[in-house]
Amino acid sequence: MVESSIGGVVPAVKGSVRVGVKEGGGSVRDEGETEWELDRELLCPICMQIIKDAFLTSCGHSFCYMCIITHLHNKSDCPCCSHYLTTSQLYPNFLLDKLLKKTSARQISKTASPVEQFRLSLEQGCDVSVKELDALLSMLSERKRKLEQEEAERNMQILLDFLQMLRKQKVDELNEVQHDLQYIKEDISAVERHRIDLYRARDRYSMKLRMLADDPIGKKPWSSSTDRNFGGLFSTSRNAPGGLPTGNLTYKRVEGKAQISSPGPHRKDTSTSELNSQHMSQSGLAVVRKKRVNAQFNDLQECYLQKRRLLANKSHVKEEKDVDVIKREGYSAGLEDFQSVLSTFTRYSRLRVIAELRHGDLFHSANIVSSIEFDRDDELFATAGVSRRIKVFDFSSVVNEPADVHCPVVEMSTRSKLSCLSWNKYTKNHIASSDYDGIVTVWDVTTRQSVMEYEEHEKRAWSVDFSRTDPSMLVSGSDDCKVKVWCTKQEASVLNIDMKANICCVKYNPGSGVHIAVGSADHHIHYYDLRNTSQPVHIFSGHRKAVSYVKFLSNNELASASTDSTLRLWDVKENLPIRTLRGHTNEKNFVGLTVNNEFLACGSETNEVFVYHKAISKPVTWHRFGSPDVDDADEDAGSYFISAVCWKSDSPTMLAANSQGTIKVLVLAA
């Protein structure tokens with residue numbers, strides 16, 4: 001009975017039986033069935049392939065010679081009927097071999113191309129007349145010309161498509177260049193207008209100064225005004241320990257050449273010579289800054305065009321400018337941004353040492369400084385490392401006092417080597433540390449005692465960081481592949497994130513108490529929202545080795561360092577890479593990373609500190625640490641590396657320490 005449903009249709013099998021009707025009335029089997037059955041008879045019962053080198057048994061079955069011989073080595077019977085059989089009862093089957101050859105030839109002829117069939121026919125001795133060959137050759141020639149024509153047309157079409165694509169690309173590039181030229185033309189006009197205004201203003205100021213210098217009545221008020229300004233500067237300076245004012249002394253130490261002249265009237269020739277020397281100094285400075293522009297022209301060009309194109313079509317700037325910024329007529333937002341980058345970038349050309357101290361002591365040979373951090377007010381800085389000590393120094397004392405009297409104002413001993421420090425940005429006397437035993441400790445610098453100790457990490461803790469928005473919260477990362485969030489009001493962790501690789505660094509977003517960046521040994525930065533830690537908000541990929549540091553330049557800008565010798569900038573708002581910075585060497589050690597609004601600084605395994613501008617991919621400047629106790633030719637001198645760096649807020653001053661225990665106070669200088 002045939003089912004009426006057609007739900008499950010059995011796939012058709014090749015060679016299925018189809019019934020036809022013979023003219024005489026009898027049914028016949030289809031040719032496909034006959035061929036299928038014939039092919040089936042030609043299969044070896046053992047290997048189920050077409051029989052090769054057919055041999056016949058005494059019981060009448062045919063097999064491949066190798067198949068039946070192999071079988072009889074194991075068993076003495078016929079594979080088909082199980083009749084007793086030995087190798088002496090095998091006979092060549094010549095008739096089947098001949099039939100197999102014909103069948104193979106027939107199958108080849110069915111699958112072969114017409115040219116191959118014709119070749120086979122000629123090989124088999126098929127008679128062809130000269131006339132037929134001429135006709136065939138003529139037909140082949142026409143076919144060849146047609147194929148060549150089609151091939152030429154295809155090649156021309158491919159070439160045409162390429163040229164059209166190239167033209168489109170170049171037209172787009174030309175349009176872009178034309179737009180860029182228009183931006184440059186507009187900006188040149190705006191800058192020239194503003195420069196003329198500046199020249200006029202300078203002439204007015206110069207004329208007023210000459211009038212004041214020539215006017216005997218104007219001398220005294222001008223001098224007294226100057227005295228009042230300097231007096232105000234000294235009176236508002238904070239006093240260092242011992243009653244010494246820090247403002248004027250620091251200024252003197254940093255600038256070196258600055259001198260406060262005695263009050264009194266100035267002679268005309270003295271003021272004129274000072275103006276001339278100042279003019280010459282400014283001219284030389286302009287030449288130096290121009291050289292810096294030429295050296296980094298390609299990067300600066302890319303920065304200018306990027307900013308100009310980005311803000312070209314915007315009718316207004318989204319973020320309001322400060323009220324102190326003068327709006328310049330004809331200036332675009334992109335040009336203002338680039339001018340800020342250019343002036344900041346060309347302002348500095350070197351790092352100058354203004355103070356130096358030794359972190360190590362005579363009783364401890366292990367002097368590597370793993371972390372160095374300023375406190376909330378930039379008055380104190382703390383250092384920690386493998387010496388198992390947290391040392392807190394007064395910054396003004398370090399800068400202003402002789403190098404041989406630098407002693408920490410606070411010193412705290414720990415049970416294990418220290419890896420990281422983080423000051424609380426609200427509670428000035430609280431500092432957190434992480435160590436090689438996996439312990440996270442919150443210290444009170446005033447009492448020199450630990451406030452809280454967290455011992456949940458199972459392996460070495462590499463990083464710890466206080467939240468800037470919630471002073472009671474901090475986060476840590478460890479080799480146990482766990483990120484833990486702590487609260488200073490609780491004895492246990494409040495949140496745990498399990499990851500698949502070792503955690504090298506963690507950092508809170510400065511503008512959010514719920515977003516953290518995690519650098520991992522899996523070469524990625526994982527950006528988490530602590531309200532939902534099931535998966536990261538985004539994973540930033542690009543580094544080729546472990547991510548050793550993550551730092552925020554702003555609420556949306558993240559910097560990362562890796563042992564692939566690169567720094568990378570990321571936009572955590574748009575989840576996009578911004579720029580890759582190269583120049584230093586970092587392949588295995590933690591060499592430090594610090595950022596401010598404009599600059600990034602990191603260490604190098606060449607014992608150098610490198611400074612980058614965030615808009616330029618090459619270093620602005622660098623400084624090499626010397627080895628006062630070790631000759632530079634010594635083999636050990638090349639093994640030292642920078643191990644920690646820290647900016648003093650957004651100032652050009654920074655701290656840097658190396659693996660020898662040397663700490664330097666550096667300042668960016670022209």
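**View 1. The surface of the protein chain in a predicted model.** About 40300 Å² of the protein chain is exposed. Carbon and sulfur atoms supply 54% of that area. Of the 670 residues in the protein chain, 38% are buried.

**View 2. Secondary structure and contacts of the protein chain.** The protein chain holds 11 helices and 33 strands. Take the contacts between residues at least 6 apart in sequence: 49% of these join residues at least 24 apart.

**View 3. Helix α10, residues 333-347.** This helix has 15 residues. From its first C-alpha to its last, α10 reaches 21 Å. That is close to the 21 Å expected at 1.5 Å a residue. Several residues of α10 are buried, among them A333, G334, L335 and E336. Further along α10, F338 and V341 are buried. So are T344, F345 and T346.

**View 4. An open sheet of 4 strands.** The strands run in the order β7-β8-β9-β10. Their pairing is antiparallel. Strands β7 (369-374) and β10 (410-413) stand at the edges. Each has a single partner strand, so one side of each lacks a neighbour in the sheet. Neighbouring strands of this sheet are turned by 15° against each other on average, direction ignored.

**View 5. The pairing of β8 with β9.** Strand β8 covers residues 380-385, and strand β9 covers residues 389-394. The two pair in the antiparallel sense over 5 bridges. One bridge can be picked out by name: A384 has I390, in β9, as its bridge partner.

Notes: Residues numbered from 1 in each chain as written. Predicted model: local features only at pLDDT ≥ 70, side-chain atom pairs only at ≥ 80, totals over all residues. Heavy atoms only, no water. Expected span 1.5 Å × (residues − 1). Buried < 20%, exposed > 50% of the residue type's maximum accessible area, 1.4 Å probe, protein only. Pairing = 2+ DSSP bridges. Axes fitted to C-alpha atoms, helices over the stretch in contact; angles between N-to-C directions. Contact = heavy atoms within 4.5 Å. Areas by Shrake-Rupley, 256 points an atom, 1.4 Å probe, with all protein chains shown as cover.
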